[in-house]
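Let's take a walk through the side-chain contacts of this protein. Have the structure open and follow along.

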Amino acid sequence: MVVVTTSDTHRAIDAVWRIESAKLIAGLTRLVRDVGLAEDLAQDALVAALERWPESGVPDNPGAWLMATAKHRAIDRLRRDRLHERKHDQIGHELESQLERAVPDLDAAIDDHVGDDLLRLVFISCHPVLSTEARVALTLRLLGGLTTEEIARAFLVPEPTIAQRIVRAKRTLAEARVPFEVPRGEEFTARLSSVLQVLYLVFNEGYSATAGDDWLRPALCEDALRLGRILAGLVPDEPEAHGLVALMEIQASRSRARVSSSGEPVLLLDQNRARWDQLLIRRGLNALARAESLGGASGPYALQAAIAACHARAHTAADTDWARIASLYAELAERTPSPIVELNRAVAVGMADGPAAGLDLVDALTAEPSLKAYHLLPSVRGDLLAKLGRRDEARAEFERAASLTRNAREQALLLARAAECAEGAATTPST
């Protein structure tokens, strides 16, 4: 006999919530036309599950149970609102008949076109009336099923700050009367760009944490990738959606190889490629092929995915086609000019044509104001200087990079590289 404990049930509820919450909130939003109210109703259903499922067990169709419970909460809320709006003696039979008509409408609203509802919720969560920070928080909350505490912990932001962002975001959407619909034409393209940017930001924060003690935050990568897959399924003819999924799949394939057993960062060229996840690589390459077949080969995300694919296809670091990567970065720089893209191109050029060629490009970026506090600029410069044997200069660059990063693991790596340069300079005979 298998004994199911309360903790087992709570874990099951947590798993169900992560899977079903976005569909639940999306369906309720179409019904009540208020994303804040929809989330409240969904949370009420979750509380009911936490109270009842430990005793009754997890139902065969937990998503339907949550939806039915939320639906009844919506009806109760409608009844209370109607009672508040009118005098009791004016309601009577009229209210009852309205509720009778509302119930089948609720069923239809919740059960039909789940994909359409999810797509509408995606576009609401990433609406341009919200700040980028608010879009990220609201997307992880409504579509990722994360708690406020989890979002705050992931981004190393105080929990009240995240809570305020989410509350203000929902209030802003309500006050702006943002319609629960998928935009069309040029507005669709602009809003889709916002959605992709949010998923890209979430994934990057998980892939290379900007601050804290961890080099990776795998849960954020997983959430971004899961949402990206959902989005690509909802907009199957949009090449950049597939391009972003391709990029995330291939990048995520390296996760196990990017950290040592003690959590220390392992740089790309030093990684054990046998630890790369071949299933994720295949999925990424297929998504990239899909983006290219839709005419999106030159899209920013597809180009980045193509760069990642060059690494994925190389059996060893020595097999990497750096000339191809440099060419792709040059094309990306034309499409989306950016000093960071140019810095990455410099790395590729340094690998393809030698460190001196790469250093020339990096030196041209040292006066760029937007890179003044960007730790990877001195880090890249230090690496190129070390390859040229200019160890004292390299040490100073690595130390500067370490002073700029807010990630403890990365800081330790940079300081270790600085120490190696100092040791190498001390043992090199003078000429």
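In which helix do Arg395 and Glu399 both lie, and how many residues apart are they? The helix is H18, and the two are 4 residues apart, about one turn of the helix. Keep in mind as you look that this is a predicted model. Arg395 and Glu399 form a salt bridge, with their closest N and O atoms 3.1 Å apart. As for the surroundings, Arg395 is partly exposed at a relative accessible area of 25%, and Glu399 is partly exposed too, at 37%.

Stay with helix H18, which runs over residues 391–404, and find Glu397. Its partner is Arg381, and their side chains meet in a salt bridge at 3.3 Å, N to O. This pair links distant parts of the chain: Arg381 belongs to helix H17 (residues 376–387), and the two positions lie 16 residues apart in numbering terms, that is, they are 16 residues apart. Are these two side chains buried or exposed? Arg381 has a relative accessible area of 17%, so with the cut-off for buried set at under 20%, Arg381 is buried. Glu397 counts as buried as well, at 16% relative accessibility.

Now move back along the chain to helix H15, residues 339–353. Here Glu342 and Arg345 meet in a salt bridge, 3.0 Å from N to O. They sit 3 residues apart, so about one helical turn separates them. Glu342 is partly exposed, with a relative accessible area of 25%, and Arg345 is partly exposed with 21%.

Why do such pairs turn up at all? Side chains of opposite charge can pair when their charged atoms come close. Across the structure, the count comes to 17 salt bridges. Some charged residues join up beyond a simple pair: Arg30, Asp117 and Arg120 are linked in a network of salt bridges.

Time to turn from charges to rings. How many aromatic pairs does a search of the whole structure find? The search finds 4. One of them is formed by Phe123 and Phe188, a tilted pair with ring centres 5.3 Å apart and 45 degrees between the planes. Phe123 lies in helix H5 (residues 114–125) and Phe188 in helix H9 (residues 185–207), so the pair ties together parts that are 65 residues apart in sequence. Phe123 is buried, with 0% relative accessibility, and Phe188 also counts as buried, at 13%.

Another aromatic pair is made by Phe203 and Tyr207, whose ring centres are 5.8 Å apart and whose planes meet at 15 degrees, so the pair is stacked. Both residues lie in helix H9, 4 residues apart, about one turn of the helix. Phe203 and Tyr207 are both buried.

Don't leave Tyr207 just yet, as charges come back into the picture here. Which charged end sits over the ring of Tyr207? That of Arg258 does, 3.8 Å from the ring centre. A similar arrangement can be found at Trp276, where the charged end of Arg254 sits over the ring, 5.7 Å from its centre.

To pull the threads together, follow Tyr207 once more: its ring stacks with that of Phe203, and the charged end of Arg258 sits over it. Helix H18 makes a good second stop, with Arg395 and Glu399 both lying in it and Glu397 linked to Arg381 in helix H17.

Methods. Residues are numbered from 1 along each chain as its sequence is written. This is a predicted model: local features need pLDDT of at least 70, side-chain atom pairs count only at pLDDT 80 or more; totals for chains, interfaces and linings use all residues. Side-chain values use heavy atoms; hydrogens and water are left out. A salt bridge is a side-chain nitrogen of Lys or Arg within 4 Å of a carboxyl oxygen of Asp or Glu. Buried means under 20% relative accessible area, exposed over 50%, partly exposed in between (1.4 Å probe, protein chains only). Rings of Phe, Tyr and Trp (its six-membered ring) pair if their centres lie within 6.5 Å; planes under 30 degrees apart count as stacked, over 60 as edge-to-face and the rest as tilted. A charge sits over a ring if NZ of Lys or CZ of Arg is within 6 Å of the ring centre and within 35 degrees of the ring normal.
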